[in-house]
Every structure is written in structure tokens, then in C-alpha cells.
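Thanks for coming, everyone. Let's get the structure up on the screen and walk through it.

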Amino acid sequence: MILDRFRLDSQVALVTGGTRGIGLAIAKALGEVGARVVISGRSLGKEAEQTLLGVGIDFNFIATDLEDAPAADRLVADVVARRGRLDILVNNAGIAIHGDSADYPDEAWRRIMAVNVDAVFRCCRAALAPMRHQGKGAILNIGSISGIVSNIPQNQVAYNSSKAAVHMMTRSLASEVAAENIRVNAVAPGYIDTDMSRGGIENPDWFPIWRRMTPMGRVGQPEEIAAAAVFLCSDAASYVTGEVLVIDGGYTTR
């Protein structure tokens, strides 16, 4: 049956930044279709624990600061030590720091790149060894419409640049490892109702523009990204690699 191809029974899935927002929704959705989930973040928090345990999802939490360069290798090694394998990697951890380019500080630029680009690459690199050993794997990177268009009115050149890098990293890595049965894809969310976006949603100058430029006239929900993540991480997408799936209510059509 076609629905069986969406099942992830016994597969081990690591979701970075999996303690809230899109990452938590993805972790929950992967667990609901059978994956054994590991989430990482700076701290677990009651929301994540209650969300996952409340629906009976088998999960581990590993405290990780991905700004620390060696953290990605340690994280993947810890997952394999605890769970015995790594089938799915979801690179969700990310930060946004807005600011005008003329006086944007080097420190903020480097922090954006360290988390949004460097850590994504390091996690991908670390995941290749267990996936190659197993002869199969799926990597999903969380990009953004900000890697495709210069969305307004906020100024965010560093964030936009970092997400464009994630999109190209996804395509390049997909091409490199496709023959080894490892698929690499990305999703590019538009405005989603999460803690990261809430400041903009509550901003009376920003949000009317965001909504006006989104044909569907609303922000998305984390679960709407999670549904796509299940597809891209499952055998339902077995012939899909190197794709950046835009989920934005039509924003990038304008």
C-alpha cells in the first residue's frame, strides 16, 4: 500500500533544534510514523517533553550547542552509540539576527553563519559515515524563502545569505552522494507561527506586509512543514533528491 511508504518504523531520526517550533513539529511527526527520534538543542524544556511523551513517542534528548565546532561530530556519534544507527538527519537548528547592512556587526554575521551554515555542513558530514555503512540515508535541511527572495520589510542580509547557502549545499551534496542511496533535500518555509517569527508577527509595521504578500493571507503552522518532512524523509520520496520544496502560502509567486 502507498501509505506504507510513509512509515519510518525502527528508523532512527535526529532532529537538531528539535525542542520547539518547526523542529519539534517534525520530531513529533516522524515519531508518529514510527521513527525512533533523537532531538538536540541547548535545553529540553517542558513543551518538547510533554509534546512527545504525550503521544507516546520514543525519543532521546541530547544537549548540544552547535556553535561549538566539534559538537556535530559528538552529536552524531552519541546518537549512533545510543540507538545503534542513524537513518534520518533533519538540520533544523538556526538563528536570525536582523539589521541594516551598513552597520551590521561582524560578530552577528559570523554567528549566523556558524549556526545556519557551518553547523549544517558539519552535521551532514558527520552523518555520512553511518548512512554509508547502512547503505541508505535521508538528510533534510531546513532552508527558507529568504534563501530565494529578499523578503521585506525587515533587513536581514546575513540570514538570507545563510539560507541561500543551505539550498546550494543541499543540491551539491545530493549530487555527490546520490549513487550511495543517500538522499538530500530541503524545505524552504515561508512565515510560520513559531517563536522565531513571533516578533515579526506581532510587529504592526512588518506583519501587514507579510500577510499582504502571501496569497493565502496567513502564516503557516509548524505541522504544515512537518507533513512535508515526513514525505521527504520516507520511502514515499525515494526518487526525490536535491530538491528545495517551498512551503510559503504562495509568497514566492509574487
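One definition before we start: when I say two residues meet or touch, I mean heavy atoms within 4.5 Å. And a caution: this is a predicted model.

Start with helix packing. Two packed helices are described by the angle between their axes and the distance between the axes. Take H1 and H8. Their axes are 8 Å apart, and the packing angle is about 50 degrees. Angles under 35 degrees would count as roughly parallel, and 65 to 115 as roughly perpendicular. H1 and H8 are therefore oblique to each other. The crossing of H1 over H8 is right-handed.

Who is in that contact? On the H1 side we have Gly21, Ile22, Ala25, Ile26, Ala29 and Leu30. On the H8 side they meet Pro222, Glu223, Ile225, Ala226, Ala229, Val230 and Cys233. Sort the H1 and H8 contact by class and you get 11 nonpolar residues, one polar and one charged.

Zoom in on alanine 29, which sits in H1. Its relative accessible area is 13%. The cut-off for buried is under 20%, so alanine 29 counts as buried. Outside its sequence neighbours up to four places away, alanine 29 touches Ala226 and Val230. Now look at the separation from valine 230. The two residues are 201 apart along the chain, yet their C-alpha atoms are separated by 6.8 Å.

Next pair: H1 with H2. Here the angle is about 20 degrees, with the axes 10 Å apart. That makes H1 roughly parallel to H2. This crossing is right-handed too. From H1, the residues are Leu24, Ala27 and Lys28. From H2, they are Glu47, Ala48, Thr51 and Leu52. The class count for H1 with H2 is four nonpolar, one polar and two charged.

Now the cores. The largest nonpolar core has 34 residues. Which of them have the most contacts inside it? They are Ile26, Leu30, Val37, Ile39, Val90, Leu140 and Val187. Several elements each supply at least two residues of this core. Among the helices that do so are H1, at 21-32, H2, at 46-53, and H8, at 222-233. The strands include S1, at 12-16, S2, at 36-41, S4, at 88-91, and S5, at 137-142. Apart from this core lies another one, of 30 residues. Val12, Ala71, Val120 and Leu128 are among its members.

Two residues of the largest core deserve a closer look. Leucine 30 first. Leave aside its neighbours within four places in sequence, and leucine 30 is in contact with Leu8, Ala13, Val15, Ala35, Val37, Val90, Val230 and Cys233.

Then valine 90, in strand S4. Buried or exposed? Valine 90 is buried, at 0% relative accessible area. With residues up to four places away left out, valine 90 touches Leu14, Val15, Thr16, Ile26, Leu30, Leu140, Ile142 and Cys233. Its C-alpha atom is separated by 13 Å from that of glycine 41, and these two are 49 residues apart along the chain.

One buried histidine is worth a stop. Histidine 167 is in helix H5. Its relative accessibility is 3%, so it counts as buried. What does histidine 167 touch beyond four places in sequence? The list is Gly143, Ser144, Gly147, Ile148, Ala188 and Val244.

Last topic: backbone geometry. Most residues other than glycine have a negative phi, and most peptide bonds are trans. I have three spots to check against that.

First, serine 10. Not a glycine, but its phi is positive, about 70 degrees. Serine 10 lies in the segment before S1. It is exposed, with a relative accessible area of 53%.

Second, asparagine 181. Again not a glycine, and again a positive phi, about 65 degrees. Asparagine 181 is in the loop between H5 and strand S6, which spans 182-189. It is partly exposed, at 43% relative accessible area.

Third, a peptide bond. The one from isoleucine 152 to proline 153 is cis, with omega near 10 degrees. Proline 153 lies in the loop between S5 and helix H5, which runs 157-177.

That's the tour. Over to you for questions.

Key:
Residues are numbered from 1 along each chain as its sequence is written. This is a predicted model: local features need pLDDT of at least 70, side-chain atom pairs count only at pLDDT 80 or more; totals for chains, interfaces and linings use all residues. Side-chain values use heavy atoms; hydrogens and water are left out. A nonpolar core is a set of buried Ala, Val, Leu, Ile, Met, Phe, Trp, Tyr and Cys residues joined through side-chain atoms within 4.5 Å. Buried means under 20% relative accessible area, exposed over 50%, partly exposed in between (1.4 Å probe, protein chains only). Helices (H or I, at least four residues) and strands (E, at least two) are DSSP runs, numbered from the N terminus. Axes are lines fitted to C-alpha atoms, for helices over the stretch in contact, and angles run from 0 to 180 degrees between N-to-C directions. Angles under 35 degrees count as roughly parallel, over 145 as roughly antiparallel, 65 to 115 as roughly perpendicular and the rest as oblique. A crossing is left-handed if the near helix is turned anticlockwise from the far one by less than a right angle, and right-handed if clockwise. Ala, Val, Leu, Ile, Met, Phe, Trp, Tyr, Cys and Pro count as nonpolar, Asp, Glu, Lys and Arg as charged, and the others, Gly among them, as polar.
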